[in-house]
Structures are given as structure tokens and as C-alpha cells.
Amino acid sequence: MRNPANILILLLMVLTASCGHKEIVCPADSVSTIDVKFVWDKAPGAEVDGMTLYFYPVSDWTRMWRFDIAGREGGKVELPAGRYRLIAVNNDLPGIEFTGTDTFNGLTARARMADGTSAARPSGILYGAVIDNLEVTLCGVEYTLEDGSCKECPKSLVRCYPDSMATVYTAVLRDIKGMDRVRSASARLDGVASSLTVRSGTTGDGTCSIPIQLSQTAEGGAELIGSSSGLGTPAGVPGFTLTIAVTRTDGKSFSKSFDVTDQVIHSPWTRNVHIYIDGLEIPEGTPPDPPEDDDVGIIVDVDGWHVIDIYL
């Protein structure tokens with residue numbers, strides 16, 4: 001006759017033999033409480049006001065679950081027992097809207113356009129985390145991280161590791177000639193991706209422009225610098241243009257454009273791109289008169305600058 005104690009030990013060994021084992025015996029159709037913790041090892045300086053969790057059930061007959069959690073630490077949520085795919089994103093970005101939220105592969109971050117144009121608001125820094133395989137039971141959780149490692153926790157603790165999915169663009173104008181003639185300056189970067197699929201991190205073909213406010217780096221210095229954020233390089237053929245707009249101390253405004261595609265796509269830091277313009281010379285003298293029949297005149301002046309006259 002077999003020893004009952006040996007049989008019990010054998011059963012326990014089978015249950016814990018591998019990470020991929022799914023025969024946990026627990027009540028079905030039950031609601032479990034899981035504790036989601038955000039670990040910011042990949043983005044240690046991240047500051048977010050809150051995170052949104054999307055739980056996509058593997059079974060087609062159950063619905064998606066969404067939870068909003070305040071702060072950056074995490075919190076507890078209740079889910080029916082089952083298998084899920086999880087996406088977590090920060091929800092404090094007025095420059096981003098999310099579409100396709102009903103499917104795991106369709107969740108997309110899109111830049112919000114200003115007044116229906118191709119000019120977008122700065123996106124802010126989008127952070128995202130994905131867990132492709134999460135099983136929830138009354139006995140705990142078991143899940144697989146992006147690196148393929150498997151975690152089991154009888155206390156139903158799930159750790160997510162958000163990482164930056166946005167790109168910071170910094171424009172640096174060095175050795176400016178005629179800096180004393182500058183009252184204010186700004187820039188616009190055209191060619192930035194207007195959408196990003198959160199599951200894969202891939203960008204769409206569409207593009208938009210983002211504004212960059214420029215300021216002087218030091219008192220009396222001949223340098224302007226400014227930063228903004230966007231969703232990265234589009235999936236199609238990239239083409240980035242930086243347009244600089246300057247208002248002189250006499251109230252006249254000028255703009256000049258530069259092809260900065262090579263600087264952007266060959267940047268050593270894909271999520272932190274620096275664009276340098278050297279030796280920019282601010283035009284002096286009185287620009288020619290604009291066309292009389294237009295409210296807004298843009299005419300070519302010296303050295304590629306465009307004169308912008310706006311009549312109110």
C-alpha cells in the first residue's frame with residue numbers, strides 16, 4: 001500500500017515543476033484581488049500623476065477590463081479569474097489620446113492636433129509596460145515578463161516595469177550672430193510620428209509637427225536652446241525639418257528652415273535627440289514691404305530667411 005504522505009509530496013512536486021504549468025486547482029468564475037506595483041528601474045526619473053491598466057482576456061467571450069490608478073506606485077484591482085494580457089500607460093498626458101483600446105494589439109497612442117491641423121501639442125513623456133501572459137486565480141498569479149522570465153506569486157503581486165515610449169527633441173542654436181537683435185524665438189519640428197502602437201512600440205506612417213520654445217542659455221550668451229517631446233520617427237521614409245522663427249527687438253519677424261533628417265535618424269540616443277544649428281545670423285536692416293492685398297505676407301529675404309508680416 002502506498003504511503004499517503006509520499007503521494008502528497010509527489011503532487012506538490014508536479015505543481016511546482018515548471019513555470020509553464022497551468023493546472024492550479026482553484027474555484028472557477030471567481031473574483032480575485034491583485035496588487036499591481038510599478039517598478040521604475042527603466043525610467044528612474046519618471047514623474048507621473050497616474051497610470052491606466054488595460055487587461056485583455058485571452059478568451060474571446062470575456063470583456064476587457066480597465067482601471068485608473070493615481071500616482072506612480074500602483075494599487076489593487078479586482079479581476080475575474082482567468083488569463084489576461086496587460087498593458088499599462090500613464091494617463092496624465094493632455095497631448096496624447098488613446099484609440100483602439102478594445103484590443104491588445106490595437107491600443108494606439110495618437111498626438112492631439114491643434115485645430116485639426118498637422119501641428120500637434122507636445123506629447124509629454126509616454127511610459128508603457130506590457131505583460132503578455134498573466135494568469136489570475138484565487139491562489140495567486142503567474143505571469144511572464146518581456147524578457148521571457150516567469151514569475152509566480154501566491155500573494156497576487158504583479159510587478160510592471162514601465163519604460164519611456166516617447167522621444168525628447170532638443171534644439172540647440174550655437175554661435176548666433178546678432179543675438180542682441182533677438183526679442184524672442186521659437187522653433188517647429190516637422191516629420192514627427194503622429195501615432196504609436198503601444199503593444200509593439202512601432203510608429204505609424206503619419207507625421208505631425210511639434211512646437212519648441214527657445215530661450216537663451218546664459219546671460220548675454222549667443223546660444224538658444226529648447227526641448228519638446230513627440231512619438232519618434234515615423235514608419236515611412238523619414239524627413240525632419242526644423243523651422244526657426246525669430247522676432248527682432250524692432251518687432252519684425254523672420255523664419256528659416258533646415259533639413260535635420262540626418263541629425264535625427266543618426267542620433268546616438270533614440271529617445272533623446274539633439275539637433276544643432278551653428279552660426280545662425282539674425283538679419284538686420286528693414287525688410288521689403290509685404291504684398292498689399294494679403295493680410296499675411298511671407299516673402300524671401302536675405303540668406304534664406306523669410307519675412308513674416310502679420311496685420312491685425
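**Strands and cores in a predicted model**

Student: How much of the chain is buried?

Tutor: Of its 312 residues, 41% count as buried. Keep in mind that this is a predicted model.

Student: What's the secondary structure?

Tutor: The chain has 2 helices and 22 strands.

Student: And what share of the contacts with a separation of 6 or more is between residues 24 or more positions apart?

Tutor: Such pairs account for 66% of those contacts.

Student: What about the surface, how much area is exposed?

Tutor: About 16,700 Å², with carbon and sulfur atoms supplying 51% of it.

Student: Let's do strand pairing. How do β6 and β7 pair, parallel or antiparallel?

Tutor: Antiparallel, over 4 bridges. β6 covers residues 96-99 and β7 covers residues 108-111. T99 has T108 of β7 as its bridge partner.

Student: Which way does β7 pair with β15, parallel or antiparallel?

Tutor: Antiparallel again, over 3 bridges, with β15 spanning residues 195-197. There, A109 is bridged to L196 of β15.

Student: Switching topic. How many disulfides are there?

Tutor: The structure holds 0 disulfides.

Student: Where do C153 and C208 sit, buried or exposed?

Tutor: C153 has a relative accessible area of 16% and is buried, because the cut-off for buried is under 20%. C208 is at 4% relative accessibility, so it counts as buried too.

Student: On to the interior. Which residues touch the most other members in the largest nonpolar core?

Tutor: That core has 31 residues, and the ones touching the most other members are Y169, L173, L189, L214, L242, I244 and V260.

Student: Which strands each supply at least two residues of this core?

Tutor: They are β13 (167-174), β14 (182-193), β16 (207-216), β18 (241-248) and β20 (272-278). β14 gives the largest share, 5 residues.

Student: Take L214. What is it in contact with, leaving aside neighbours within four places in sequence?

Tutor: L214 contacts A171, L173, A185, S186, A187, L224, I225, G226 and I244. Of these, L173 and I244 also appear in the list of core residues that touch the most other members.

Student: What other core lies apart from the largest one?

Tutor: There is another core of 29 residues, which includes L79, Y84, I131 and L145.

Student: One general thing: how are side chains arranged in a regular strand?

Tutor: They alternate between the two faces of the sheet.

Key. Residues numbered from 1 in each chain as written. Predicted model: local features only at pLDDT ≥ 70, side-chain atom pairs only at ≥ 80, totals over all residues. Heavy atoms only, no water. Buried < 20%, exposed > 50% of the residue type's maximum accessible area, 1.4 Å probe, protein only. Contact = heavy atoms within 4.5 Å. Areas by Shrake-Rupley, 256 points an atom, 1.4 Å probe, with all protein chains shown as cover. Pairing = 2+ DSSP bridges. Disulfide = S-S within 2.5 Å. Core = buried A, V, L, I, M, F, W, Y, C linked by side-chain atoms within 4.5 Å.
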